[in-house]
Amino acid sequence: MTIKPANRISEVKEYYFSKKLREIDEMRQQGIDIINLGIGNPDRSPSDAVLEELTFSAANKGNHGYQSYVGIPELRNAFSEWYKKYFQIELNPANEILPLMGSKEGIMHISMAFLNKGDQVLVPNPGYPTYASVSNLVEADMVTYDLKEDLNWQPDFEELEKLDLSKVKLMWVNYPNMPTGANATLELFEKLVAFGKKHEILICNDNPYSFILNDNPLSIFRVDGAKDIAIELNSLSKSHNMAGWRVGMVGANPTFTQYILRVKSNMDSGMFKPLQLAAVKALALEKDWYEEVNKEYLERRELVWEIMDTLKCKYDKNQSGMFIWAKIPDSIDSAIDLSDKILNKAHVFITPGTIFGKQGDRYIRISLCSKQEVLKESINRINNA
Ligand SMILES: Cc1ncc(COP(=O)(O)O)c(C=O)c1O
């Protein structure tokens, strides 16, 4: 007897990193010491105040039950205050903020809430692979749109206007952009909101990188009337070194929030209360927290630039977020080729841009989530290889 999986997963490949990490594990089991510069997993600690609150609240015997699907009011208030302070945006904590277990789950919830089978979704190329895999999981039809270096990795609105957009229901955007590091501008958000309104397309901005190597966090809600057509995801994973905690949020108008809640409340329950209380502390951190986080990333960035220079890759020095994205030399066949060569010869793993879409074929991406000694060791290994 064979039990077959659902058709919806036949289109979804195993997440690239889980496959690659297994390969790296196998090499490690053979005794090979591999440095992984691929994944954007912040290696530094959350603030002491956050850790103390978690421990303190976890010791409270009354804090271990199910929690509300919409998060505790203190957390929704803290997100609202955070948006006010750092993005100059008013989001009503009663009905415009929904805490999530990271922004990644929000991509699924939003897709489940808004897309019917056969609806079209605009997905950036290159882009975070989850937009594509979730679109497949919900059996929507994916239409990729190119981000190009000569447009500073922004959508080409002229090209988009040439498409038949009548079946497009939703567009994924992500600024500051991963993997390219391109930053958001108010002008770009204005164009996106206007595009969404003109064609009745829900614009979803995935915004987890606005505090990393970026002096001016920007929300799509800065555009007048954006709440009518846009949704924004945010997260504490990168900004507060809390990736393993799974704390994020979606901001949306009360109607959209209710649609998303209808999905979420049927899929998971509220987050562990001590996590929520500690997240409240994280959201109340002052500017010096973000400055301290960025001070280290600035130093690491210099070393990553050195790796890119060693590999003769070209990059823009104004990138935001926790990766450096660089173009490989013309003499190299492909990014996968270069990545495999570096893995096999120098035992350093660097992400090939190909995994983010065809537009990433001639690019590689290095994460800033390794300590400076590790980056220096990578430079030595690559030089020696
Ligand atoms: C563009 C983008 N969106 C979302 C996520 C998921 O982040 P979270 O930890 O908030 O789920 C990532 C993580 O790598 C990302 O790069």
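UniProt, in an unreviewed entry, places the feature "domain: Aminotransferase class I/classII large" at residues 33–382. The model shown here is predicted. Over residues 33–382, helix accounts for 40% of the chain and strand for 16%. The C-alpha atoms at the two ends of this stretch are 14 Å apart.

**The whole chain**

The protein chain has 13 helices and 13 strands. Its radius of gyration is 21 Å, close to the 21 Å that the globule rule gives for 385 residues, so the chain is as compact as a globular protein of that length. Along the principal axes, the C-alpha atoms fill a box of roughly 60 × 60 × 55 Å. How many of the 385 residues count as buried? The share is 55%.

**Around the ligand**

The ligand has 14 residues around it. Asp-206, Tyr-209, Ser-235, Ser-237 and Arg-246 come nearest. For three of these residues, the distance from a ligand atom to an N or O atom of the side chain is listed below.

| Residue | Ligand atom | Distance to a side-chain N or O atom |
|---|---|---|
| Asp-206 | nitrogen | 2.5 Å |
| Tyr-209 | oxygen | 2.6 Å |
| Ser-235 | oxygen | 2.6 Å |

Taken alone, the ligand exposes 400 Å². The protein buries 91% of that area.

What kinds of residue make up the shell around the ligand? Five are nonpolar, five are polar and four are charged. Helix α5, which spans residues 102–114, gives the largest share of this shell. Its contribution is three residues.

**A closer look at Asn-125**

Strand β3 covers residues 120–125, and Asn-125 lies in it. Is Asn-125 buried or exposed? Its relative accessible area is 8%, and buried means under 20%, so Asn-125 is buried. The Asn-125 side chain also has a polar partner. It makes a polar contact with the side chain of Asp-146, at 3.4 Å.

**In brief**

The predicted chain combines 13 helices with 13 strands, and 55% of its residues count as buried. The protein also buries 91% of the area that the ligand exposes when taken alone. Asp-206 has a side-chain N or O atom 2.5 Å from a ligand nitrogen. Tyr-209 has one 2.6 Å from a ligand oxygen, and so does Ser-235. Asn-125, in strand β3, pairs its side chain with that of Asp-146 in a polar contact.

Methods: Residues are numbered from 1 along each chain as its sequence is written. This is a predicted model: local features need pLDDT of at least 70, side-chain atom pairs count only at pLDDT 80 or more; totals for chains, interfaces and linings use all residues. Side-chain values use heavy atoms; hydrogens and water are left out. UniProt positions are given in the numbering used here, feature names are shortened, and annotations may be inferred rather than shown by experiment. Helices (H or I, at least four residues) and strands (E, at least two) are DSSP runs, numbered from the N terminus. A residue is near a molecule or strand if one of its heavy atoms lies within 4 Å of it. A polar contact is a pair of N or O atoms within 3.5 Å; within protein, one must be able to donate a hydrogen and the other to accept it, and residues adjacent in sequence count only if both atoms are side-chain atoms. Accessible areas come from the Shrake-Rupley method with a 1.4 Å probe; for residues, only the protein chains shown count as cover. Ala, Val, Leu, Ile, Met, Phe, Trp, Tyr, Cys and Pro count as nonpolar, Asp, Glu, Lys and Arg as charged, and the others, Gly among them, as polar. The radius of gyration is taken over C-alpha atoms; the globule rule is 2.2 Å times the number of residues to the power 0.38. Buried means under 20% relative accessible area, exposed over 50%, partly exposed in between (1.4 Å probe, protein chains only).
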